[in-house]
Amino acid sequence: MDGSRLVKEFTKGLWKEIPPFRFVLGLCPTLACTTTVRDGFGMGLCLTFVLVCSNILISLLRKVIPSQVRIPCFIVVVATFVIIVELVTQAYFYSLYMALGIFIPLIVVNCIPLGRAEAFASKNEVIYSLADGLGMGLGFTCSLTALAIFREVFGKGTFLYHHIMWSGFEPFAFLQKPPGAFVCLGLMLGIMNLIGSGEK
Amino acid sequence: MRDIVKLIVVLTAFCVASAFSLAFVRQATKERIEYQKLKILVAPAVKAVFPAFDNDPILERVKVKLSEKEIINVFPAKKGGSLIGIAYEGIGSGHGGDVEVLVGIDLDGKILGVKVVKHGETPGIGTKATDSKEFLDQFKGKGVGSKLTLTAAGGEIEAVSGATETSTAITEAVRKAIEVFPKVKEQVIGG
């Protein structure tokens, strides 16, 4: 086990390869589940759980899975964890479940868990796969939360449903609508690229 | 040939393992999920049909077997630890499908309150009856032994004009709930 590599695999998901911004992956929940901070953060955690579990399991079983049927195997693993998440949120966080709705089952077809399984977990040891999944998941969570903070604060004038803006504040309702999500995402991508361009 | 066998075995093993773990999680969360659903759907109605209670009737719900196939949820309302009434659903057939009505009944079989939980009636027409407090309040105080049909059919309930079909459905639902009251009561408080 190599400590510096472990750190590298973990941190790459947080900035260098942060999924929605650098890879423009997993956009469906990024756009749809970021109207409020709670939804964005909740969605991020759901995906993180799925990603970490599927990465660990696939990495453990990578020598058993024949390459011809690896994709169906990955899908079964990812789908299983997604349904577990769905049942658990339904049982313990019902209002979050109602808000996220169809987007929880849709994690199955989200490119991130399958992509990480194929590109990373199926080729690397368990401990690195865990770091990779955790990093990517947290990166995704941060992205969604950042987008959601922007959309909720300026689009609704609230933060976690508490009013935080001054009394005469007129919310930009546009930000709460789907086109507003696209505009915010575009702006964030632009800012990320601007910062990133200095790194090379 | 050996390859194909291996592929089949691996994939089958994955699916079987998945099925077992999901069955386990489902079993573990089933109770909680039912509770959460009822809390959203029925809890406001339970509040509406009882005057005052201080327990959580949803959490303390009892399953009552009416017949081999029919099992209903009964919500007991308690105050200071003693049972003041029970609520459960009756179903009547309306213009747009079943009308589900929650009926709160005290221990003597008298109706404490009635609230429509779910219906598919026409907005603006049938909903005149489902939303009418005046209409639903007519049931209060009636109960076992009352003639729970519309006045047009010789009963004690005044229909909402223009929403006769829905009024009939609600009355039917309440009547059916009252009809099974002795059986439900017997199972909830043991006679």
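Two residues are in contact here when heavy atoms of one lie within 4.5 Å of heavy atoms of the other. With that in hand, let us walk through this predicted model, starting where its two chains meet.

**Where chain A meets chain B**

A good first stop is S18(B), a residue of helix α1 (residues 2-41) of chain B. Leaving aside neighbours within four places in sequence, S18(B) is in contact with V76(A) and T80(A). S18(B) has a relative accessible area of 12%, so this serine counts as buried.

Stepping back to the whole interface, 19 residues of chain A and 18 residues of chain B take part in the contact. Together the two chains bury about 1,800 Å², and 80% of that area is on carbon and sulfur atoms. Three residues stand out on the chain A side: L87(A), A91(A) and Y94(A) supply 29% of the area that chain A buries against chain B, more than any other three residues. Helix α5 (residues 70-92) of chain A gives the largest share of the side that touches chain B, with 11 residues. Sorted by class, that side of chain A has 16 nonpolar and three polar residues, and no charged ones.

What does the count of salt bridges between chain A and chain B come to? The count is zero. Polar contacts do occur, with three residue pairs found across the interface of chain A and chain B, both residues at pLDDT 80 or more.

**A helix in chain A**

Helix α4 of chain A covers residues 37-60. At 1.5 Å a residue, its 24 residues should span 34 Å, and the end C-alpha atoms are 34 Å apart, so the expected and modelled lengths agree. This helix is mostly covered, with 17 of its 24 residues buried.

**Two more residues to look at**

E172(B) sits in helix α5 (residues 164-179) of chain B. Is E172(B) buried or exposed? Its relative accessibility is 17%, and because the cut-off for buried is under 20%, E172(B) counts as buried. Beyond four places in sequence, E172(B) touches I91(B), G92(B) and S93(B).

P171(A) belongs to the loop between β2 (162-163) and α9 (178-197) of chain A. Outside its neighbours up to four places away in sequence, P171(A) touches F154(A), G155(A), K156(A) and G157(A). P171(A) and I149(A) are 22 residues apart in sequence, with their C-alpha atoms 13 Å apart in space.

Here are the accessibilities of the three residues visited:

| Residue | Relative accessible area | Class |
|---|---|---|
| S18(B) | 12% | buried |
| E172(B) | 17% | buried |
| P171(A) | 31% | partly exposed |

Conventions:
Residues numbered from 1 in each chain as written. Chains lettered and ligands numbered in written order. Predicted model: local features only at pLDDT ≥ 70, side-chain atom pairs only at ≥ 80, totals over all residues. Heavy atoms only, no water. Helix = DSSP H or I, 4+ residues; strand = E, 2+ residues; numbered from the N terminus. Expected span 1.5 Å × (residues − 1). Buried < 20%, exposed > 50% of the residue type's maximum accessible area, 1.4 Å probe, protein only. Buried area = accessible area lost by both parts, 1.4 Å probe. Salt bridge = Lys/Arg side-chain N within 4 Å of Asp/Glu carboxyl O. Polar contact = N/O pair within 3.5 Å; in protein donor to acceptor, adjacent residues only side chain to side chain. Nonpolar A, V, L, I, M, F, W, Y, C, P; charged D, E, K, R; others polar.
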